[in-house]
Amino acid sequence: MLNALSVDVEDWFQVGAFEKVIARDAWDTLPHRVERNSDAVLALFDRAGVKGTFFTLGWVAERYPALVRRIVDAGHEIASHGWDHQRVFTMNADAFRADLRRARSAIEDAGGQAVTGYRAPSFSIDKRTPWAHEVLAEDGYAYSSSVAPIRHDHYGWPEAPRFAHRPLANSDLIELPVTTVELAGKRMAAGGGGFFRLLPYRFSSWAVGRVNGREARPAVFYFHPWEIDPGQPRVERAPVKSRLRHYSNLSGMEGKLLKLLRSHPWGRTDAVVASERARLQ
């Protein structure tokens, strides 16, 4: 069972947790660490012998085109994470379309490879954005991995299907939600990010095995380059809850990731989508 391995390529100051304390027009004045951290991720994947998908902000691709080219040259998939991490539910359909096109242009110019996959910043496609999948289909995307079928204070669409599905009756677009598990009647996030850093390793590895074994479906896992960077700047004026989520267990993340990557089969998201598309025929 091939599982989808993905990286949301954004810098430490671009995360949703800091969006109210760091203005977008200040981003270019801050120390950028996304290139060095993404190169560290590439090295980690090489050590583990895995390929993955790098959902990249257009903002990053425009400033670091050589990084995008290195990702492509290493055999990984390059995909879109939107332009500048604006959440989809804060836009209307026209603004979303413009954001998609601006990001795709920058990413394709940098990587020289067609972009067919998309992940919404902060999994922000939900019941507030009934037009989002239609816009993606109209713009020629093959898949989206933008839904978190859980309840969360920042995002979530708990009513959404847990596994790959076609959200539109008249389109081949696939939605591949991030992984969850159901335990004792409760649905839990198990697809990476802060949950992977904060919860014991055994839970995450068990969750991947459970989804692969009991449910016979691929897991969808993600993390960010800044999550393996314990030396990143601290944003002291951010809310305490945001700081706890962002900075906890950064120093142990790289080793924990390597262990997970060596314990389960991982590959590019487009490869997993292809197998799920065939299953949905």
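Start with the largest cavity of this predicted model. By class, nine nonpolar and four polar residues line the largest cavity, with no charged residues. Select I150, Y155, V178, A189 and F195: of the 13 lining residues, these lie nearest the centre of the cavity. The volume of the largest cavity is about 60 Å³. Cavities of 30 Å³ or more number three.

**Second largest pocket**

Keep I150, A189 and F195 selected, since they reappear here. The lining of the second largest pocket includes these three. To complete the selection, add P149, R151, H152, P158, K186, R187, M188 and L199. The second largest pocket has a volume of about 200 Å³. Colour the selection by class: seven of the lining residues are nonpolar, one is polar and three are charged. Strand β8, residues 186–189, gives the most to this lining, with four residues.

**The β7 and β8 hairpin**

Next, select residues 180–183, which are strand β7, and show them together with residues 186–189, strand β8. The two strands run antiparallel and are joined by four bridges. Which residue of β8 stands opposite L183? The residue is K186, which also belongs to the lining of the second largest pocket. Two residues lie between the strands of this hairpin. Centre on A184 and check its backbone: A184 takes a positive phi near 55°.

**Largest pocket**

Move on to the largest pocket, which holds about 470 Å³ of space. Of its 25 lining residues, H152, Y155, G194, Y222 and H224 are the closest to the pocket centre. Two of these have come up already: H152 also lines the second largest pocket, and Y155 is among the residues nearest the centre of the largest cavity.

Now show helices α6 (193–198) and α8 (240–247), the elements that give two or more residues to the lining of the largest pocket. Which element gives the most? It is α6, with five residues. By class, the lining has eight nonpolar, eleven polar and six charged residues.

**Aromatic pairs**

Switch to the rings of Phe, Tyr and Trp. The whole structure has 16 aromatic pairs. Select F13 and W59: their ring centres are 6.1 Å apart and the planes stand at 80°, so the pair is edge-to-face. F13 is in the loop between β1 (3–9) and α1 (34–48), whereas W59 is in helix α2 (residues 58–63), so the pair ties together parts that are 46 residues apart in sequence. Are these two residues buried or exposed? Both F13 and W59 are buried.

Then select F96 and Y118. This pair is also edge-to-face, at 5.7 Å centre to centre and with 65° between the planes. Because F96 lies in helix α4 (residues 93–111) and Y118 in strand β4 (residues 117–118), the pair ties together parts that are 22 residues apart in sequence. With a relative accessibility of 0%, F96 counts as buried. Y118 counts as buried too, at 0% relative accessibility.

For a group of rings, select F45, F54, F196, F221, F223 and W266, which form one aromatic cluster.

**Charges over rings**

Return to W59 and add R63. The charged end of R63 sits over the ring of W59, 3.9 Å from the ring centre. R63 is in helix α2, the helix that also holds W59. R63 has a relative accessible area of 29% and is partly exposed.

A second case is R104 with Y141. Here R104 lies over the face of Y141, at 4.1 Å from the ring centre.

**Two backbone distances**

From R63, draw a distance to E35. Their C-alpha atoms are 9.7 Å apart, and the two residues are separated by 28 residues along the chain.

Finish at H32, located in the loop between β1 and α1; F13 lies in the loop between β1 and α1 as well. How far apart are the C-alpha atoms of H32 and F13? They are separated by 8.7 Å, with the two residues 19 residues apart along the chain. H32 counts as partly exposed, at 26% relative accessibility, while F13 is buried.

Conventions: Residues are numbered from 1 along each chain as its sequence is written. This is a predicted model: local features need pLDDT of at least 70, side-chain atom pairs count only at pLDDT 80 or more; totals for chains, interfaces and linings use all residues. Side-chain values use heavy atoms; hydrogens and water are left out. On a 1 Å grid over the protein atoms alone, a cavity is a set of points where a 1.4 Å probe fits but cannot get out, and a pocket is an open set with protein on both sides within 12 Å along at least five of seven lines; lining residues have an atom within 4 Å of a point. Grid points are joined across faces, edges and corners, and a volume is the space filled by probe spheres set on the points. Ala, Val, Leu, Ile, Met, Phe, Trp, Tyr, Cys and Pro count as nonpolar, Asp, Glu, Lys and Arg as charged, and the others, Gly among them, as polar. Rings of Phe, Tyr and Trp (its six-membered ring) pair if their centres lie within 6.5 Å; planes under 30 degrees apart count as stacked, over 60 as edge-to-face and the rest as tilted. Buried means under 20% relative accessible area, exposed over 50%, partly exposed in between (1.4 Å probe, protein chains only). A charge sits over a ring if NZ of Lys or CZ of Arg is within 6 Å of the ring centre and within 35 degrees of the ring normal. Two strands pair if DSSP finds at least two bridges between them.
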